[in-house]
Every structure is written in structure tokens, then in C-alpha cells.
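These are my notebook entries on one protein chain and its ligand. I set down what I looked up, item by item.

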Amino acid sequence: MRLTHLTLSNVRSVVQATLTPGPRFNVISGDNGAGKTSILESLYLLSNGKSFRGRVGDGLVRVNAPALEIFARWDTASGAQRQLGLRHSGSDWEGRLDGQNCQLLSDLCTALASVTYEPGSHALIDGRSDQRRRMMDWGLFHVEPAFISPWRRLARAHKQRNALLKQRGLSMAQLEAWEAELAQSGEVVTRLRADHIDALAPLVALWGQRLLPELGEAILRFLPGWKRQELSLADALLVNRPRDLATGFTTAGPHRADWELAFAHRAQGERLSRGQTKLAALAVILAQAEHYAIQRGEWPVVLLDDLASELDPQHRESVLRALATAEAQVFISGTVAQDLSFPDGLDVKKFHVENGAVREI
Ligand SMILES: Nc1ncnc2c1ncn2[C@@H]1O[C@H](COP(=O)(O)OP(=O)(O)OP(=O)(O)O)[C@@H](O)[C@H]1O
């Protein structure tokens, strides 16, 4: 996927800006508060329906403006030209995909695939499991059509079981029926997640080797959310039922699935530095982008916000060298001070943002 045009209006401090991105690297520089992140957020919004800094209603629309508007056009690997427009007021939205009105934001958002590294992405390594689960499920949504239906059934069954667990005088027959549905859909979701992590593992090892060779082999491991080696999900739900009835929620199951990343040269429990955590998260994100490319025949757009901060010159260089090997279109934002030296011969287009206005340099 290669964006050929982007216009944004009323996104944070940006009144209106238009970019004609290059096919490979697009560097967006400017001082703090200039509006660089707002450009990447706009692209993120088109492929996720929200910003990585929160919901649209939480300050993405420019103060005193009725709504933000974003329009993007891109080329696909098969030679098609696609376009997407979104107007969002923070509560209501209207979207058009390839000239047709869109009823569901999720339909709109699956068209343009992107992966994003932003300053909060370190949480993939050192944060709560929900971010890692979301990342794992993003991959499956995009590459595994068989995932969506059991994932929806699982979410519903989980919600229903939790509601029943909180009820006084609950119907055991109902509880058993929802447990059966949860167990059935949960086993399918878990098998697909486990396969997905197995497929990602060698790519994570590869990107780990490129970005953090000093830590030794990066080892990715799936954690199913219950003792899957010992018990089927149906049995785990049954065994945990007394505890779940006491607590009023499902304590173990696929809703607690996770993954963990270890490094051969790091003892278990030894914390990574901030820079290493950032590079480890980047390795996982780029591995997922490459997995998408292998499965779908084209790379998602890669968005890297504030890439260079906290990285020493040597690691900055290894990131850029590694990115040069990927066929992706990449957007990198950073302050002017964070000079990025790209390997020779790379196609790099540069933009400068000042007070919300973008110009090509
Ligand atoms: N809803 C809004 N309306 C108007 N201006 C806003 C709104 N929300 C944020 N801003 C302003 O928009 C500017 C752009 O912020 P943005 O995060 O895009 O800058 P940046 O160039 O990425 O900065 P940094 O390098 O510090 O990360 C900031 O000055 C901020 O105060």
C-alpha cells in the first residue's frame, strides 16, 4: 500500500494540510508542538477509527471547528487506486470508501492497513496484556478470515457468562449453555492465536537480530490465558466455576491471552532499558508488518512517531538500515534536532511542519 495523497483539515492545530507522499520514506520534521504527530494520527485514524492518543472526541478535532476531515488516496500492489474520506465531529462520523458511503467504521478502517510505533508503544513490552492482545488480534483480523466469527462469538459468550455470574439465583442451565459456547469459540480463537504467534516468532527473531543483536535471539511465546497444557477450556471453566461465582467474573480464559518476549542474553526478570524496550516493541511491530506483507502480498503503511528519541546514533542507524530492507512505505516524524541519516540511494521525501502548516523540503 502506498499513499499518494493525504489532506487533513481541523486535526488538532492543523487547519488544513496536504501532502503528496513519496513511495518509500517520508520524514516529517518540525519543532515540538508543530503538528507532526497530528499527521500520523490522521493516518492512524483512517485505519483504526480512533487515534493512538485516545478517541476522536478527546481533543483530536481542532478547538472551535465542527469536525475534522481526512482524505487519503493510495495504490495497492494489484494496481488498484483506492480512496477514503472521513469526517468526524467527535461523536458523529461520515465516511466514504472508493466513492461509496460506509455504514460501519470497522469496514472503513480495514481498507487501509497500517502499523504504528508511537511513544506509548513500549507498553507492548512492559505494559498490560490488553495492548498485546489487541496487537495479536489485529494481525489475525487482517490475515485470517476464519478468526472474526469465533472472536465475536467468544466476546459475546464471555460477556454473557460474566453477567450471569453476577446474578443472584442464576439459572445453571443458562450458565452451562454460555460456558459451552465460550469453550467452543474460545478453543478456536486460541488455536488461531497460537498459530499466529508461531508464525510471527521467526520474524520477531529476525527483526530482533537487526535492531538489538546484543541481546541475543528474541524468543516470542504465546500465553493462552489458562493452563491449556493441563485442561481444555471447558474443563478450566468448570474447575474455576466456584471461584468465578464468588468473584463475579471469569478469572481464566482466552480473554486473558497474552504473549511474552524473552531474549537469549537476558536473564528472566531482568528489565530492559527504555531504549531497548522501544527497540523490542519496534521489532515486534515490524515483524507483524512483514507477516502481513507475506500473507497479503503488500506491506501495510508503517507509521513511526518520534522514532529517534531515546535511541543512540548507532541504534538509530540500525533501525534505518533495517527499514531500508523492507518494501514498506514509511512515515517517520521527529524534531529537526533528531537528524536521521539514511543509507545512500534510498528514496526519502522530507516535509517540514510549522504551526500546523506542511511544506515539502
Ligand atoms: N484540539 C486542538 N485544537 C487546537 N490545537 C490543538 C488541539 N489539540 C492539540 N493542539 C495543539 O496542536 C499542536 C500539535 O501537536 P502535535 O502533537 O501534533 O505536535 P508534534 O509536532 O508532534 O509535537 P512533539 O514533537 O512535541 O511531539 C500542539 O501545539 C497542541 O497544543
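**Entry 1: the sheet around E1 and E4**

I began with the pairing of E1 and E4, which run antiparallel and are joined by 7 bridges. The model I am reading is a predicted one. Within this pair, I found Arg2 opposite Asp75 in E4.

I then asked which strands make up the whole sheet, and in what order. The sheet is open, has 6 strands with antiparallel pairing, and follows the order E2-E1-E4-E5-E6-E7. Its edges are strand E2 (14-19) and strand E7 (100-102), each of which pairs on one side only. I noted an average turn of 15° between neighbouring strands, direction ignored.

For background, I recorded that the strands of a sheet pair through backbone hydrogen bonds, in either a parallel or an antiparallel manner.

**Entry 2: the two hairpins**

I looked next at E1 and E2, which run antiparallel with 5 bridges between them. Thr7 has Thr18 in E2 as its bridge partner. The two strands form a hairpin with 2 residues between them, and I noted that Arg12 in the turn has a positive phi of about 45°.

I made the corresponding check on strand E4 (residues 68-75) and strand E5 (residues 81-88), an antiparallel pair joined by 8 bridges. Phe71 stands opposite Gly85 in E5, and Ile70 has Leu86 in E5 as its bridge partner. This hairpin has 5 residues between its strands, and in its turn Gly79 shows a positive phi of about 95°.

**Entry 3: the faces of E4 and the helix on the sheet**

Which residues of E4 lie on its covered face, and which on its uncovered one? I listed Leu68, Ile70, Ala72 and Trp74 as covered, and Glu69, Phe71, Arg73 and Asp75 as uncovered. In a regular strand, side chains alternate between the two faces of the sheet.

I also looked for a helix packed on this sheet. Helix H1 (residues 36-48) packs there and touches strand E1 (2-11), E2, E4 and E5. I recorded an angle of about 110° between the direction of H1 and that of E1.

**Entry 4: two asparagines with positive phi**

I looked up Asn10, which is placed in strand E1. Its phi is near 60°, a positive value in a residue other than glycine. Is Asn10 buried or exposed? I entered Asn10 as buried because 23 other C-beta atoms lie within 10 Å, where 20 or more are required.

Asn355 also has a positive phi, about 50°, although it is not a glycine. I located Asn355 in the loop between strand E13 (348-354) and E14. Asn355 has 12 C-beta neighbours inside 10 Å and therefore counts as exposed.

**Entry 5: Glu360**

I turned to Glu360, which is found in strand E14 (residues 357-360). Glu360 is exposed because only 12 other C-beta atoms lie within 10 Å, and the limit for that class is 12 or fewer. Leaving aside neighbours within four places in sequence, I found Glu360 in contact with Lys349 and Phe351. I also looked up the separation of Glu360 from Ile28, 332 residues apart along the chain, and their C-alpha atoms are 9.1 Å from each other.

**Entry 6: the two domains**

How is the protein chain divided into domains? The assignment gives domain 1 as 1-113 + 302-361 and domain 2 as 119-299. I noted 28 Å between the centres of domain 1 and domain 2, taken over C-alpha atoms.

I then examined where the domains meet, and found 18 residues of domain 1 in contact with 18 residues of domain 2. On the side of domain 1 that touches domain 2, helix H9 (residues 313-325) supplies the largest share, 4 residues. By class, I recorded that side of domain 1 as 10 nonpolar, 3 polar and 5 charged residues.

**Entry 7: the ligand**

My last entry concerns the shell around the ligand. How many residues surround the ligand, and which are the closest? I noted 15 residues, with Ser13, Asn32, Gly33, Thr37 and Ser38 as the closest. The shell divides into 2 nonpolar, 9 polar and 4 charged residues.

Definitions and conventions
Residues numbered from 1 in each chain as written. Predicted model: local features only at pLDDT ≥ 70, side-chain atom pairs only at ≥ 80, totals over all residues. Near = placed C-beta within 6 Å. Nonpolar A, V, L, I, M, F, W, Y, C, P; charged D, E, K, R; others polar. Domains from an automatic or database assignment. Contact = placed C-beta atoms within 7 Å. Pairing = 2+ DSSP bridges. Axes fitted to C-alpha atoms, helices over the stretch in contact; angles between N-to-C directions.
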